Amino acid sequence: MATSKTILIVDDDQDYLFQTKLKIEKFGYQVITAESQREAELIIDKTMPDLAIIDLMMENEDSGFILSYKIKKKYPAVPVIIATAVATETGISFDINDENNRKWIKADLFLEKGIRSDLLKDEIDRLLIKK
Amino acid sequence: MSILKILVVDDEPGIRSGVSRILRNFRVDYPFMEEPYEFEVYEASTGESGIEIIETNQPDILLLDNKLPGIQGIEVLDYVKKRKLNIVVVMITSYASLELAVKATSDGAYDFIPKPFTPQELKSSIENITKRAFLKKMTRDLQDSGKQVRFQFLSVLSHELKAPLNAIEGYLQMTKERQLGDKIEDYNQIIDRSLERIKGMRNLILDLLDLTKVESGKMKQDISDVDLLKIAHTAIETMRPYSIQRDIVINLDVPHNLFVKADAEEIEIIFNNLISNAIKYNKKGGTVDFVISENGDSIEINVKDSGIGMTQPEMDKLFQDFVRIKNEKTKNITGSGLGLSIVKKLVENYGGKIDVCSVPDQGSQFIVTLPKEKPCL
């Protein structure tokens, strides 16, 4: 696959990052990783990924939202997935399909962090095709 | 009926009486409020007398003209800001002074009312401020009752406990599926990472136990004359493997026969946390100076490292639960984010305080001041 798509993964948990990278490489995508919102911002300055998967809580508890906003501002067509464990832990859930939330949360999709590999692949493929 | 106190500082009597008149029968109602807010207006014709009223009557809202006979409005704003008073400041100003408006906003003014203003302009500004004050009060009440804090604490705690489980689970899954190869050596790295995460989790649980003791176990405190030199030796011994591993020299300077009335175990928790941080966030081959001195009725514990240091914004959030300073330099250092918040709680329980100063890349210094005997309050 000469033109394999590039996926940016951002997470401050290096183990999660390592595992997700491996998983997504197995799906046949290229992977760039960043361990913080700041590092990710430096990357998107220079590189446009085809899709981004970002953690919600990093340096700040809303790092993921801010990063998602910045990615969308620079590359409106790039799909952004926010991977989080927030919903199960706090009971707070953000419904991305809700019109009000859509206005301020710029991400395309929220995923639970423990999601099964095959489901993750389906979601990534779906967003990339839609794009 | 809730009352908000408004202080208007303006040298023009017409403006002051105008504000009083407009707000006399004004009420703000808001769906979530149990009762409407009404206003009590205080007047001052100079900044100086304004500050006096601020001190005696603690207004909630300050309507402030900038051009005053003595000190200027912006200086009054500065006064409010420096004392961190809980007052919403609104500048009354003419449109012409845009520059001032910008400065005042960056100094913490909440809003502007153009001069001259209509009653409606004043009312709508006051209405907004009232809603904001109400929301702030609600948040404060929630925090005071501990609910908010508790909630945040538990959600972060569960996040911190789950993250290592997820990581280890992921690695076990990879091993089960032989994703990295057939030889056990292929898995060395992820076994090490799993062990590291387990260690982190164990430390978190130990810190949580300390925290629980601090927060609930006050009845079980075993107060005696604690020999600080002895505890310092114990703490350094506890940390010895770690300091050897990181090639760190610990210099100890604690007078003989220096005692505080305290729970020995708690003093040890304080020492352990300070020393382990000074080792952890140090450079390889660095030093830690652990110095205790006597200062009248109190003692000062001074722990200084030659490590990575911190920036001011990092220092500002250092003592909160689960706050870990995340940057390039700390990314391979594990910690629960509870250590310093435990130290702070303990120290404050004894009527003491903890200060920090730090220079990035040069080191940090923590200074704990403890009264020799807890003052009875």
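**Figure 1. Surroundings of B:Phe26 in the predicted model.** B:Phe26 sits in the loop that links α1 and β2 of chain B; the coordinates shown here and in the other views come from a predicted model. B:Phe26 is classed as partly exposed because 18 other C-beta atoms lie within 10 Å, whereas a buried residue would need 20 or more. Residues up to four places away in sequence aside, B:Phe26 touches B:Phe39 and B:Lys123. B:Ile126 is 100 residues away from B:Phe26 along the chain, yet the C-alpha atoms of the two are separated by 9.6 Å.

**Figure 2. The parallel sheet of chain B.** An open sheet of chain B is built from five strands in the order β2-β1-β3-β4-β5, with parallel pairing. Its edges are β2 and β5 (111–114), each of which pairs on one side only. On average, neighbouring strands of this sheet are turned by 25° against each other, direction ignored. Within the sheet, β3(B) and β4(B) run parallel and are joined by five bridges. One residue pair to locate is B:Asp65 with its bridge partner B:Ile92, which belongs to β4(B).

**Figure 3. Helices α1 and α2 on the sheet of chain B.** Helix α1(B) lies across four strands of chain B, β1, β2, β3 and β4. The direction of α1(B) is at about 165° to that of β2(B). Helix α2 (residues 47–57) of chain B also packs on the sheet, where it touches β1 and β2. The angle between α2(B) and β1(B) is about 160°.

**Figure 4. Nonpolar cores of chain B.** The largest nonpolar core contains 34 residues. Those with the most contacts inside this core are B:Leu62, B:Leu63, B:Leu64, B:Val89 and B:Val90. Two or more residues of the core come from each of β1 (2–9), α1 (13–24), β2 (37–44), β3 (61–65), α3 (73–82), β4 (88–93) and α5 (119–144) of chain B. A second core, separate from this one, has 33 residues, including B:Leu228, B:Ala235, B:Leu340 and B:Ile342.

**Figure 5. Contacts of B:Val90.** This view centres on one of the residues with the most contacts inside the largest nonpolar core, B:Val90. With neighbours within four places in sequence left aside, B:Val90 is in contact with the run B:Ile61, B:Leu62, B:Leu63 and B:Leu64. A further group of contacts of B:Val90 consists of B:Ala109, B:Tyr110, B:Asp111, B:Phe112 and B:Ile113. B:Ser125 and B:Ile129 complete the list for B:Val90.

**Figure 6. Strand β10 of chain B and its two partners.** Strand β10 (residues 298–305) of chain B has one covered face and one uncovered face. In a regular strand, side chains alternate between the two faces of the sheet. The covered face of β10(B) carries B:Ile299, B:Ile301, B:Val303 and B:Asp305, while B:Ser298, B:Glu300, B:Asn302 and B:Lys304 are on the uncovered one. Strand β9 (residues 287–295) of chain B runs antiparallel to β10(B), and eight bridges join them. B:Phe290 stands opposite B:Val303 of β10(B). The two strands β9(B) and β10(B) make a hairpin with two residues between them; in this turn, B:Gly296 has a positive phi of about 65°. Strand β12 (residues 363–371) of chain B is likewise antiparallel to β10(B), with seven bridges between them. Here B:Glu300 has B:Thr369 in β12(B) as its bridge partner.

**Figure 7. Contact between chains A and B.** The contact takes 15 residues from chain A and 14 residues from chain B. On the chain B side, α6 (147–176) and α7 (188–216) each supply at least two residues. Helix α6(B) gives the most to that side, with nine residues. By type, the chain B side divides into three nonpolar, six polar and five charged residues.

**Figure 8. Chain A and its helix α1.** Chain A has six helices and five strands, which follow the pattern β-α-β-α-β-α-β-α-α-β-α along the sequence. Of its 131 residues, 32% count as buried. Helix α1 (residues 14–26) of chain A has 13 residues and reaches 18 Å from its first C-alpha to its last, close to the 18 Å expected. Buried in α1(A) are A:Asp15, A:Phe18, A:Gln19, A:Thr20 and A:Ile24. After α1(A) comes A:Gly28, with a positive phi near 100°.

Notes
Residues are numbered from 1 along each chain as its sequence is written. Chains are lettered from A and ligands numbered from 1 in the order in which they are written. This is a predicted model: local features need pLDDT of at least 70, side-chain atom pairs count only at pLDDT 80 or more; totals for chains, interfaces and linings use all residues. A nonpolar core is a set of buried Ala, Val, Leu, Ile, Met, Phe, Trp, Tyr and Cys residues joined through C-beta atoms within 7 Å. A residue is buried if 20 or more other C-beta atoms lie within 10 Å of its own, exposed if 12 or fewer, and partly exposed in between; C-beta atoms are placed from the backbone. Two residues are in contact if their C-beta atoms, placed from the backbone, lie within 7 Å. Ala, Val, Leu, Ile, Met, Phe, Trp, Tyr, Cys and Pro count as nonpolar, Asp, Glu, Lys and Arg as charged, and the others, Gly among them, as polar. The expected span of a helix is 1.5 Å times one less than its number of residues. Two strands pair if DSSP finds at least two bridges between them. Axes are lines fitted to C-alpha atoms, for helices over the stretch in contact, and angles run from 0 to 180 degrees between N-to-C directions.
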